[in-house]
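Welcome, and thanks for taking a look at this one with me. Please open the sequence and the model side by side before reading on.

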Amino acid sequence: MATMEECRGALDKLSDNLSGSDHDGVRSVDGFDRSLSCHITDLDATFTGRLADGRITVEDTRPGPPRERAQIRLAMTGDDLVAMVNGELNFAKAWASGRVRLEAGFRDLLHLRKLL
């Protein structure tokens, strides 16, 4: 089971990957700024922060499920988060199979498609 430190490191690595990408999708979401929560189900902890301009900023970590409704909400196990960031688990397949839950508005989903 992934630790809190490994999950935090995975979110930092994901942020670095997004911000360092030369992919047109990242550049096309300039000005995209949304609140974000990532609930790590097996650790029953939630990272909250912002996804802005292709970069994730973690602002807080709390025990339990998210206390406030973020504009973009993710939920998964810590092992799945680490595996996705390391390229061992495909996000789309994990989402389609229910291993990863993603909730967001339709327009936000269109922006996220460019990033993920």
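Here are some numbered points to guide a first look.

1. Let's begin with how far to trust what you see. This is a predicted model, and its chain averages a pLDDT of 89, with 90% of the residues scoring at least 70. Confidence is highest in strand β4 (residues 72–76), at a mean of 97, and lowest in helix α2 (residues 24–27), at 48. Where pLDDT is low, the predicted coordinates should not be read in detail. Please keep that in mind when your eye falls on helix α2, with its mean of 48.

2. Next, the overall layout. The chain has five helices and five strands. Starting at the N terminus, the order is α-α-β-β-β-β-α-α-β-α. Of the 116 residues in the chain, 39% are buried. If you take the contacts between residues at least 6 apart in sequence, 61% of them join residues at least 24 apart.

3. A pair of helices makes a good starting place. The axes of helix α1 (residues 4–19) and helix α3 (residues 78–85) come within 9 Å of each other and cross at roughly 30°. Angles under 35 degrees count as roughly parallel, so α1 is roughly parallel to α3. The crossing of α1 past α3 is left-handed. On the α1 side, the contact is made by Glu6, Cys7, Ala10, Leu11, Lys13, Leu14 and Asn17, while α3 contributes Gly78, Leu81, Val82 and Val85.

4. Stay with helix α3 for a moment. Six of its eight residues are buried, so α3 is largely enclosed by the rest of the structure. Those buried residues are Gly78, Asp80, Leu81, Ala83, Met84 and Val85. They pack against α1, β1, β4 and α4 (91–97). After α3 comes glycine 87, which has a positive phi near 80°.

5. You may wonder about the cysteines: how many disulfides does the structure hold? The count is zero. The sulfur of cysteine 7 has its closest cysteine sulfur in cysteine 38, 7.6 Å away, which is too far for a bond. Seen from the other side, cysteine 38 is likewise in no disulfide, with the sulfur of cysteine 7 as its nearest cysteine sulfur. Cysteine 7 is buried, at a relative accessible area of 0%, and cysteine 38 is buried too, at 3%.

6. Methionine 76 is worth selecting in your viewer. This residue lies in strand β4 and is buried, with a relative accessible area of 3%. Setting aside residues up to four places away in sequence, methionine 76 touches Cys38, His39, Ile40, Thr41, Leu81, Met84, Arg99 and Val100. Leu81 and Met84 are also among the buried residues of α3. Another link to look for joins methionine 76 and arginine 101, which are 25 residues apart in sequence and 6.5 Å apart in space, C-alpha to C-alpha.

7. Finally, is serine 37 buried or exposed? Serine 37 is buried, with a relative accessible area of 1%. You will find serine 37 in strand β1 (residues 33–40). Beyond its neighbours within four places in sequence, serine 37 is in contact with Thr46, Phe47, Thr48, Pro66, Ala70, Ile72, Arg73 and Leu74.

Methods: Residues numbered from 1 in each chain as written. Predicted model: local features only at pLDDT ≥ 70, side-chain atom pairs only at ≥ 80, totals over all residues. Heavy atoms only, no water. pLDDT = per-residue confidence, 0-100. Helix = DSSP H or I, 4+ residues; strand = E, 2+ residues; numbered from the N terminus. Disulfide = S-S within 2.5 Å. Buried < 20%, exposed > 50% of the residue type's maximum accessible area, 1.4 Å probe, protein only. Axes fitted to C-alpha atoms, helices over the stretch in contact; angles between N-to-C directions. Parallel < 35°, antiparallel > 145°, perpendicular 65-115°, else oblique. Left-handed = near helix turned anticlockwise from the far one by under 90°. Contact = heavy atoms within 4.5 Å.
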